[in-house]
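This report describes a single protein chain, with attention to its surface, its interior and its backbone geometry.

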Amino acid sequence: MDDLRLESLAPTLEDYLELRRASGLTPKRPDQGAPALTNSWAWRRVVDAGGRAVAMGRVVGDGGWYFLVADMATLPGYQRRGLGRRILEDLLAEIRAKAPEGAYVTLLADPPGQALYRSLGFTEPTNGSATMHQVLA
């Protein structure tokens, strides 16, 4: 990771919004991003020598049995360097260290990240479950 540093911190609001936008995730407004920064169970960010976040990921969870990996994003110029893998491995290690046995870790896998998630043990449900969502208007 040369001049890059992995930190157990949330990015700034500006970095969060830019990482989402630049990486192809759905852009968010500041009033949506601010609560994500303060209400997450765990954060990881990779920062460059100037302190700008170039990659991020977080976990939303209840601390007991349910954990959702979200906001996995890397700026285009830093992709294909293993930053997402490093972030996700570190987040999963924290879940393993702090969560009770039997905890459930889930995520929504967009096509670009599916190979990474599979390589780290994530599988698609085989019991007929389906990912569902609703966007509030």
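In this predicted model, W65 is exposed, since its relative accessible area of 52% lies above the cut-off of over 50%. W65 is located in the loop between strand 3 (53–61) and strand 4 (66–74). Together with Y66 and Y104, W65 forms a nonpolar patch on the surface, and these residues have about 350 Å² of accessible area together.

The interior is described by the largest nonpolar core, which has 33 residues. Those with the most contacts inside this core are Y16, V46, V54, V59, L83, L88 and Y117. Two or more residues each come from helix 1 (13–23), helix 2 (30–38), strand 2 (42–47), strand 3, strand 4, helix 3 (83–98) and helix 4 (114–119). Helix 3 gives the most, with 6 residues.

Most residues other than glycine have a negative phi. Two residues with a positive phi are listed below.

| Residue | Phi | Relative accessibility |
|---|---|---|
| D71 | about 55° | 8% |
| R80 | about 70° | 86% |

Neither D71 nor R80 is a glycine. D71 lies in strand 4 and counts as buried, because its relative accessibility of 8% is under 20%. R80 is found in the loop between strand 4 and helix 3, and R80 is exposed.

As for annotation, an unreviewed UniProt entry places the feature "domain: N-acetyltransferase" at residues 4–137. Over residues 4–137 the chain is 31% helix and 23% strand, and the end C-alpha atoms are 39 Å apart.

Key: Residues are numbered from 1 along each chain as its sequence is written. This is a predicted model: local features need pLDDT of at least 70, side-chain atom pairs count only at pLDDT 80 or more; totals for chains, interfaces and linings use all residues. Side-chain values use heavy atoms; hydrogens and water are left out. Patches are made of residues with over 30% relative accessible area and no salt bridge: like charges are joined within 9 Å, nonpolar side chains (Val, Leu, Ile, Met, Phe, Trp, Tyr) within 5 Å. Accessible areas come from the Shrake-Rupley method with a 1.4 Å probe; for residues, only the protein chains shown count as cover. A salt bridge is a side-chain nitrogen of Lys or Arg within 4 Å of a carboxyl oxygen of Asp or Glu. Helices (H or I, at least four residues) and strands (E, at least two) are DSSP runs, numbered from the N terminus. Buried means under 20% relative accessible area, exposed over 50%, partly exposed in between (1.4 Å probe, protein chains only). A nonpolar core is a set of buried Ala, Val, Leu, Ile, Met, Phe, Trp, Tyr and Cys residues joined through side-chain atoms within 4.5 Å. UniProt positions are given in the numbering used here, feature names are shortened, and annotations may be inferred rather than shown by experiment.
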